Structure formats: C-alpha cells, structure tokens
Amino acid sequence: MSYWKPDYSVQVQQLDNQHKEFFGILEELSVAVDEEDHLDIDYIVVKLDLYALYHFACEEHYLAKYGYPDFEVHKQLHAGYSKGVETVKEKLAEDKISGVFELFDFMKEWWEKHILKSDKQYGPF
C-alpha cells in the first residue's frame, strides 16, 4: 500500500521526493507493526525522526534562501510536529503496540495535512 498520492505534489521535485521517502518509511513502520516486530519498530521510529529532521532542515533552508514570506510560520509548524511526536512517543515506552498505532496515525495525519495545506503554498512561490 502506498501512502503517497499525486495530490501531495508541491511541484518542487526534491521536496516531493523527500515527502515520498517519508511516506515510504511510514509504510515500513506499518509492516513492522503488522508483524509485531518490536526491534524493527524501534529502528523505524528512529529512522522517521531522523528523516523528518533532515527534511525540515532542507525545506527550511530553501524557504529562507528564496525569501518565502511565511517562513517563520512554516518553521513553527515543524517545531509543533516535533513536540507532538515526542508526546506520542512517551506512550511507546508504556505500551509499544498501542503507542506505535497512535504514533503512526499522528504522523500520517500530520504529514498529509501539512503537505496539502502548508507545503502546497510554497510550490507556486
């Protein structure tokens, strides 16, 4: 199952590719959850964290470099995501399986909304 949809395109190839990669890693997490592979779940959660940091740094670099007018607002959205993930990850320590379902849902929903509402605004810019 692919979580990436063509509607998510922001018309910036490098950033579209990064969004696709993130959704691909999210698919890996889905498989690990289905298999109840706790070791893979831990690894993939770290992978998602690191990839989000990389993507946000790249995206923010471009937005700042090209003078995107809503740069600070966009940067704050990224910070909010990171805080949200940390809050949900606390539940992973208590109950890995239910916590990972909540983390998966949070990430998938956040990225879908963020791309469709916020990232789509910088494409034409």
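**Group meeting: charges, helices and salt bridges in a predicted model**

Let me begin with the charges: the protein chain carries 13 positive and 25 negative charges, and the mean positions of these two sets lie 6 Å apart. I should say at once that what we are looking at is a predicted model.

Turning to the fold, the protein chain has four helices and zero strands, so that, read from the N terminus, the order of elements is α-α-α-α. The radius of gyration is 15 Å, which agrees with the value near 14 Å that a compact globule of 125 residues would have. Along the principal axes, the C-alpha trace spans about 45 × 25 × 20 Å. Buried residues account for 43% of the 125 residues, and the chain exposes about 7,100 Å², of which carbon and sulfur atoms supply 55%. As for contacts between residues at least 6 apart in sequence, 68% of them join residues at least 24 apart.

Two backbone positions deserve a comment. Glutamine 11, in the segment before α1 (13-34), has a phi near 65°, a positive value in a residue other than glycine, and glutamine 11 is exposed, with a relative accessible area of 64%. Glutamate 36, in the loop between α1 and α2 (38-65), likewise has a positive phi, near 50°, and is not a glycine; its relative accessible area is 55%, and therefore glutamate 36 counts as exposed.

Now to the salt bridges, of which the structure holds seven. Which residue meets lysine 89 in a salt bridge? The partner is aspartate 49, with a distance of 2.6 Å from N to O. This pair links distant parts of the chain, since lysine 89 sits in helix α3 (residues 71-94) and aspartate 49 in helix α2, 40 residues apart. Aspartate 49 counts as buried, because its relative accessibility is 18% and the cut-off for buried is under 20%, whereas lysine 89, at 23%, is partly exposed.

Helix α4 (residues 96-122) offers a local arrangement, in which lysine 108 and glutamate 112 lie four residues apart, about one turn of the helix. Their closest N and O atoms are 2.7 Å apart in a salt bridge, and glutamate 112, at 17% relative accessibility, counts as buried. Glutamate 109 and lysine 113 form another salt bridge, with closest N and O atoms 3.0 Å apart; these two are also four residues apart in helix α4, and so are separated by about one helical turn. Both are partly exposed, glutamate 109 with a relative accessible area of 43% and lysine 113 at 44%. Finally, salt bridges that share partners join Asp49, Glu86 and Lys89 into one network.

Conventions. Residues are numbered from 1 along each chain as its sequence is written. This is a predicted model: local features need pLDDT of at least 70, side-chain atom pairs count only at pLDDT 80 or more; totals for chains, interfaces and linings use all residues. Side-chain values use heavy atoms; hydrogens and water are left out. The radius of gyration is taken over C-alpha atoms; the globule rule is 2.2 Å times the number of residues to the power 0.38. Buried means under 20% relative accessible area, exposed over 50%, partly exposed in between (1.4 Å probe, protein chains only). Contact means heavy atoms within 4.5 Å. Accessible areas come from the Shrake-Rupley method with a 1.4 Å probe; for residues, only the protein chains shown count as cover. Lys and Arg count as positive and Asp and Glu as negative; His and the chain ends are not counted. The place of a charge is taken as NZ of Lys, CZ of Arg, CG of Asp or CD of Glu. A salt bridge is a side-chain nitrogen of Lys or Arg within 4 Å of a carboxyl oxygen of Asp or Glu.
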